[in-house]
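Work through the exercises below with the sequence and the model side by side. Try each task before reading its solution.

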Amino acid sequence: MERTGHREHTKDRHILIAVDESENARRAVKYVAGLLGGVPGFRVTLLSIIPEPSEDFFAADADRKDWTEKYRARALAMLEDFRNTLVSSGFGEGRVDLVVDSMFCPSVAECIIDEQKKLGCSTIVVGRRGISRKEEFLFGSTSNKILHEVKDCAVWVIE
């Protein structure tokens with residue numbers, strides 16, 4: 001797991017924005033930037049999860065490592081771009097943390113909720129992926145799972 005930023009123990013309201021490379025994730029970041037940029041008392045953690053493929057997905061361990069490093073670098077670049085959006089809206093540099101986590105995820109929603117609990121975030125923000133009703137029925141919706149499973153935390157789903 002890779003983390004950057006400063007960890008201050010304050011009574012700030014801590015917002016977790018779970019992002020991927022979708023346009024909906026970008027809208028979620030822009031929404032938080034527009035709503036809370038420059039407002040004191042808020043801090044943000046930008047989270048990108050790299051779901052680890054199954055053990056037999058790669059022929060060699062070196063292939064797995066190369067794949068993971070490639071996606072980690074891509075995720076960090078994306079998170080830096082999102083950090084710049086938040087900082088330019090008024091969040092201080094030290095108020096925006098980046099987390100890239102590579103892990104086996106039975107569901108991405110569970111991994112997001114685990115991170116929220118670990119960090120003690122008061123709010124989770126996700127972009128709605130825009131999947132069809134049929135796809136949602138077959139595969140489930142990350143935002144829907146978060147809405148129904150998270151406890152003691154606000155959830156903002158941005159479309």
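A residue counts as buried when its relative accessible area is under 20%, and as exposed when that area is over 50%. The model is predicted.

**Exercise 1. Is T68 buried or exposed, going by its relative accessible area?**

Solution. Start with the location: T68 is found in helix α2. Next, take its relative accessible area, which is 13%. The cut-off for buried is under 20%. T68 is therefore buried. Finally, list its contacts. Leaving out residues up to four places away in sequence, T68 touches I50 and S102.

**Exercise 2. Lay out the secondary structure of the chain.**

Solution. Count the elements: there are five helices and six strands. Then read them in sequence order. The pattern is β-β-α-β-α-β-α-β-α-α-β. Now add two totals. Of the 159 residues, 42% count as buried. Among contacts with a separation of 6 or more, 81% join residues 24 or more positions apart.

**Exercise 3. Check the length of helix α1, then describe its buried residues.**

Solution. Helix α1 covers residues 23–36, which is 14 residues. The expected span is 1.5 Å times one less than the number of residues. For α1 that gives 20 Å, and the end C-alpha atoms are 20 Å apart, so the two agree. Now turn to burial. The buried residues of α1 are N24, A25, A28, V29, V32, A33 and L36. They pack against two groups of elements: the strands β2 (13–18), β3 (42–51), β5 (123–127) and β6 (154–158), and the helix α2 (61–88). Last, look past the helix end. G38 follows α1 and has a positive phi, near 85 degrees.

**Exercise 4. How do α1 and α2 cross, and which residues make the contact?**

Solution. The axes of α1 and α2 come within 9 Å. They cross at roughly 25 degrees. Angles under 35 degrees count as roughly parallel. So α1 is roughly parallel to α2. From α1, the contact is made by A25, R26, V29, K30, V32 and A33. From α2 come D81, F82, T85 and L86. The crossing of α1 and α2 is right-handed.

**Exercise 5. Which residues have the most contacts inside the largest nonpolar core?**

Solution. The largest nonpolar core has 25 residues. Inside it, I17, V19, L46 and L86 have the most contacts. The elements giving two or more residues to this core are β2, α1, β3, α2 and β4 (96–103). Take L86 as a worked case. Neighbours within four places in sequence aside, L86 is in contact with I17, V29, V32, A33, V44, L46, F91 and V96. Another core lies apart from this one. That core has 18 residues, including L47, I49, A109 and I124. As background, nonpolar side chains in soluble globular proteins tend to be buried together.

**Exercise 6. Place I124 in its surroundings.**

Solution. I124 is found in strand β5. Its relative accessible area is 0%, so I124 is buried. Leave aside neighbours within four places in sequence. I124 is then in contact with L16, I112, Q116, I146, V150, C153, A154, V155 and W156. Take W156 from that list. I124 and W156 are 32 residues apart in sequence. Their C-alpha atoms are 6.2 Å apart.

**Exercise 7. Test the span of α3, then classify its packing with α5.**

Solution. Helix α3 has 12 residues, 108–119. The expected span is 16 Å; the end C-alpha atoms are 17 Å apart, which agrees. Buried in α3 are A109, C111, I112, I113, E115, Q116 and L119. G120 follows α3 with a positive phi, near 70 degrees.

Now the packing. The axes of α3 and α5 are 8 Å apart, and the angle is about 45 degrees. The two helices are therefore oblique to each other. α3 contributes V108, A109, E110, I112 and I113 to the contact, and α5 contributes T142, K145, I146 and E149. The crossing of α3 and α5 is right-handed.

**Exercise 8. What is the sign of phi at D152?**

Solution. Locate D152 in the loop between α5 (142–149) and β6. Its phi is positive, about 55 degrees, although D152 is not a glycine. Most residues other than glycine have a negative phi. Then check accessibility. At 79% relative accessibility, D152 counts as exposed.

Technical notes: Residues numbered from 1 in each chain as written. Predicted model: local features only at pLDDT ≥ 70, side-chain atom pairs only at ≥ 80, totals over all residues. Heavy atoms only, no water. Helix = DSSP H or I, 4+ residues; strand = E, 2+ residues; numbered from the N terminus. Buried < 20%, exposed > 50% of the residue type's maximum accessible area, 1.4 Å probe, protein only. Contact = heavy atoms within 4.5 Å. Core = buried A, V, L, I, M, F, W, Y, C linked by side-chain atoms within 4.5 Å. Axes fitted to C-alpha atoms, helices over the stretch in contact; angles between N-to-C directions. Parallel < 35°, antiparallel > 145°, perpendicular 65-115°, else oblique. Left-handed = near helix turned anticlockwise from the far one by under 90°.
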